[in-house]
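User: Could you walk me through this model and show how each label follows from its cut-offs?
Analyst: Gladly; here it is, and then we can start with the cavities.

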Amino acid sequence: MKKVLLMYALYTQQANEKVLQLLDKLSPEERNRDRKSYYKSLTGLAQHNIGSILFFHGLMRPVLPESKALAGTAKLQMPDSDTLDTGQWAQLKDIAKQTDQATVELLQSLSEEDLNQLLPIDWYGGNPACVPLHYLLNIAMVHGVHHRGQISQILDTMGIDNDFSGIDVGLLSVMQ
């Protein structure tokens, strides 16, 4: 289980970097334009995707208080705006880099036993009240795939070539 989650964390790191590089080529106006998505703009989707990782890290921190990786993201603050200027966009990219690296480092530090620790959640009306850490990590990965897919669809309609769907076979050597 650890190797699979680590592979997905490394994929997420690469995919987020590719997405943000593509979006970086757009003007702030293009990134911030309402695209009729739930999160309105490409900026909104990127913010939600990256901000969600911080949210999941926050859920994990109480159960993994010794985690240096999670401690490193505790004070990160997402830009607080629906539209981001150039400076705020740079801040978002930096937060993405830090959160993705922290997730990789977290998984590298965990044992299979750690991944089975129960974390309290208040979703699903309290049923269940706790889920295993591996479940939460899987949800975080799937959530990111979902929102990068939305970004991909919008880029397709804009005629911008994009492909961050595959898992780089080179990640296998990093996981050894």
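Analyst: Ala9, Thr12, Ile53, Phe56, His57, Met60, Asp100, Thr103, Leu137, Ala140 and Met141 line the largest cavity. Helices α1 (2-24), α3 (42-60), α5 (86-109) and α7 (133-157) each give two or more residues to this lining. This is a predicted model, where local features need pLDDT of at least 70 and side-chain atom pairs count only at pLDDT 80 or more, while totals for chains, interfaces and linings use all residues. Residues are numbered from 1 along each chain as its sequence is written, and side-chain values use heavy atoms, with hydrogens and water left out.

User: What makes a space a cavity, and what makes a residue part of its lining?
Analyst: On a 1 Å grid over the protein atoms alone, a cavity is a set of points where a 1.4 Å probe fits but cannot get out, and lining residues have an atom within 4 Å of a point. The volume is the space filled by probe spheres set on the points, with grid points joined across faces, edges and corners. The count comes to two cavities of 30 Å³ or more. About 70 Å³ lies in the largest cavity, and the second largest has a volume of about 30 Å³.

User: Which helix gives the most to the lining of the largest cavity?
Analyst: That is α3, with four residues. Helices here are DSSP runs of H or I with at least four residues, strands are runs of E with at least two, and both are numbered from the N terminus.

User: How is the lining of the largest cavity divided by class?
Analyst: It has seven nonpolar, three polar and one charged residues. Ala, Val, Leu, Ile, Met, Phe, Trp, Tyr, Cys and Pro count as nonpolar, Asp, Glu, Lys and Arg as charged, and the others, Gly among them, as polar.

User: Which residues line the second largest cavity?
Analyst: Asn16, Val19, Leu20, Ala46, Asn49, Ile50 and Ile151 do, and the elements giving two or more residues are α1 and α3. By class, this lining has five nonpolar, two polar and no charged residues.

User: Why is Ile50 called buried?
Analyst: Buried means under 20% relative accessible area, exposed means over 50%, and partly exposed lies in between (1.4 Å probe, protein chains only). Ile50 has 2% relative accessibility, so this residue counts as buried. Ile50 is found in helix α3. Its C-alpha is 8.9 Å from that of Lys93, with the two positions 43 residues apart in sequence numbering.

User: What makes Asp24 and Lys93 a salt bridge?
Analyst: A salt bridge needs a side-chain nitrogen of Lys or Arg within 4 Å of a carboxyl oxygen of Asp or Glu. The closest N and O atoms of Asp24 and Lys93 are 2.8 Å apart, and the pair forms a salt bridge. The two belong to distant parts of the chain, Asp24 in helix α1 and Lys93 in helix α5, 69 residues apart. Asp24 has a relative accessible area of 35%, so it is partly exposed; Lys93, at 26%, is partly exposed too.

User: How many salt bridges are there, and which residues form a network?
Analyst: The structure holds three salt bridges. Glu30 pairs with Arg33 at 2.2 Å between the closest N and O atoms, and with Arg35 at 2.9 Å. Glu30, Arg33 and Arg35 are thereby linked in a network of salt bridges.

User: Why is the pair of Tyr38 and Tyr39 given its class?
Analyst: Rings of Phe, Tyr and Trp (its six-membered ring) pair if their centres lie within 6.5 Å; planes under 30 degrees apart count as stacked, over 60 as edge-to-face and the rest as tilted. The structure holds four aromatic pairs. The rings of Tyr38 and Tyr39 have centres 4.9 Å apart and planes at 80°, so this pair is edge-to-face. Tyr38, with a relative accessible area of 68%, is exposed, whereas Tyr39, with 28%, is partly exposed.

User: How do you know what class Phe55 and Trp123 belong to?
Analyst: Their rings are 6.4 Å apart centre to centre with 25° between the planes, and the pair is stacked. Phe55 lies in helix α3 and Trp123 in the loop between β1 (118-120) and β2 (130-132), 68 residues apart. Ring pairs link Phe55, Phe56 and Trp123 into a cluster.

Note on methods. On a 1 Å grid over the protein atoms alone, a cavity is a set of points where a 1.4 Å probe fits but cannot get out, and a pocket is an open set with protein on both sides within 12 Å along at least five of seven lines; lining residues have an atom within 4 Å of a point.
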